[in-house]
Amino acid sequence: MPGDNGILAALDLDRTFLAEEHRSLRDLLRLVVARDVVPAAPEWERQRRVPPGAFTHLGDLGLLGLSFPTRLGGGEAGVRGAVVFHEELARSTFGGVASSVGTHTDFSALHLARAGSAAQVDRWLPAILAGRTVAALAVTEPEASSDLTRLGLRARRDGDAYVLNGTKTFITNANLADLFFVVARTGDTGRHGLSLFAVERSAPGLANGRTFDKSGWHCADTGELVLTDCRIPVAHRIGPEGAGFGLLMRGLDHERLCLAAQAVGLAEAALDATVGWARTRPAYGGVLWDKQAVRHRIADLVGRLAAGKTLLYHAAAQLDRGADGRVFAALLKAQLPELANEIAYAAVQFHGGAGFVREGPVERISRDARFLAIGGGATEVMRDEVARLI
Ligand SMILES: Cc1cc2nc3c(=O)[nH]c(=O)nc-3n(C[C@H](O)[C@H](O)[C@H](O)COP(=O)(O)OP(=O)(O)OC[C@H]3O[C@@H](n4cnc5c(N)ncnc54)[C@H](O)[C@@H]3O)c2cc1C
């Protein structure tokens with residue numbers, strides 16, 4: 001499978017930063033990705049979705065609950081476990097798998113563990129961890145995203161219910177999901193007027209809008225959600241009214257490290273493929289690797305990825321120790337997706353025509369890495385965050 005050359009293996013970060021349980025987790029993920037993801041994912045790409053059966057399969061293997069506490073039925077593998085999970089899913093070379101599954105595990109349902117009541121956890125979490133219920137997070141709106149204070153989808157209190165009206169866009173798992181964690185405005189403009197709701201697929205007034213055809217992440221289903229007088233019980237609000245912004249912020253460092261880990265996974269796969277290619281591709285009486293311009297460029301990129309990955313693992317270990325990880329998380333989210341894109345560009349370049357046609361992993365990685373520099377906090381927003389915190 002891609003990644004076996006282990007470009008960064010000599011660093012041996014696993015022994016420095018990971019516990020035995022994380023190393024076993026990586027072994028299991030490598031096996032599952034090679035056996036169950038890589039052979040099936042080309043068809044998932046054609047179908048434009050990771051099928052429900054893949055979620056239940058991962059659930060059966062206990063891989064959907066790694067970020068959840070054991071008292072709630074999860075694996076409690078910590079931030080390091082999540083980083084290994086996202087890195088290995090992305091090393092599959094199918095960024096859409098990491099996006100769709102990662103949205104389910106770490107970007108949406110985790111809000112239940114952080115702020116859900118016992119009744120809410122009982123109602124939804126077992127099926128989420130088993131993969132029978134697929135989850136999604138609905139924040140972005142046509143008129144607002146990076147600037148969350150502008151979100152406008154309204155939730156009006158009506159007796160023992162809320163009535164939601166508005167549109168969410170660019171939602172991962174929009175057509176696939178059974179449960180949506182929806183951020184809606186219950187109060188005044190600004191960040192304090194937002195609340196978080198769990199909206200079941202069967203809620204009256206919930207419908208899918210457009211489905212988007214994207215340049216990358218083909219197997220991650222992305223679409224609109226249209227809520228028209230969508231009535232949900234007050235009991236489906238997650239946390240107190242007005243706490244939505246704070247809840248989103250609580251998960252941010254974790255999410256940013258997960259996305260940075262996806263960037264590392266894609267970059268490692270691209271470099272592995274490129275080293276393998278350059279060492280064997282006949283050129284001018286030798287192989288491409290004989291060209292100093294090629295191997296120096298690759299050596300530089302390996303060095304920068306090694307540095308970034310080391311910081312990622314250090315940051316994950318810090319967060320697991322309870323340290324404040326805000327600067328690291330923003331820094332890594334700013335740096336690693338940009339680096340992954342640079343690496344993907346070089347990988348296509350050194351593969352020549354073979355890197356441009358839609359037949360191999362490098363071409364796909366070059367498309368799938370792109371959105372990591374935009375989603376979950378664009379690079380510019382992350383740089384602002386770093387500058388604010390240092
Ligand atoms: C494939 C895909 C999957 C997605 N999945 C989800 C999902 O599951 N749930 C969800 O809620 N949303 C999702 N989104 C939305 C995604 O989070 C947003 O697209 C992203 O946050 C950027 O927001 P925007 O598109 O509104 O761009 P804008 O906020 O309009 O920003 C556009 C660009 O402006 C620049 N910019 C923005 N702010 C600043 C700043 N402060 N300083 C300097 N430059 C700035 C950046 O370059 C940015 O890329 C998804 C989008 C896509 C395409």
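This briefing covers the two largest pockets of the structure and the residues that line them. The model is predicted. The largest pocket holds about 1500 Å³ of space. The second largest has a volume of about 360 Å³.

**Largest pocket**

- The lining counts 49 residues.
- Nearest the centre of this pocket lie T140, S145, G375, G376 and G377.
- Six elements are listed as giving at least two residues each to the lining: the helices α6 (95–108), α9 (244–250), α10 (252–280) and α15 (379–389), and the strands β1 (135–138) and β3 (161–172).
- Helix α10 contributes the most, with six residues.
- By class, 21 lining residues are nonpolar, 15 are polar and 13 are charged.

**Second largest pocket**

- This pocket, of about 360 Å³, is lined by 17 residues.
- S67, V79, L110, R114 and H254 sit closest to its centre.
- Two or more lining residues come from each of α5 (78–91), α7 (110–115), α10 and α11 (292–320).
- Helix α7 supplies the largest share, three residues.
- The lining divides into eight nonpolar, three polar and six charged residues.
- Domain 1 (9–130) and domain 3 (248–389) each provide at least three residues of this lining.

**Element in both linings**

- Helix α10 gives six residues to the lining of the largest pocket, and two or more to that of the second largest.

Note on methods: Residues numbered from 1 in each chain as written. Predicted model: local features only at pLDDT ≥ 70, side-chain atom pairs only at ≥ 80, totals over all residues. Heavy atoms only, no water. 1 Å grid on protein atoms, 1.4 Å probe; cavity = no way out; pocket = protein on both sides within 12 Å on 5 of 7 lines; lining within 4 Å. Points joined across faces, edges and corners; volume = space filled by probe spheres on them. Helix = DSSP H or I, 4+ residues; strand = E, 2+ residues; numbered from the N terminus. Nonpolar A, V, L, I, M, F, W, Y, C, P; charged D, E, K, R; others polar. Domains from an automatic or database assignment.
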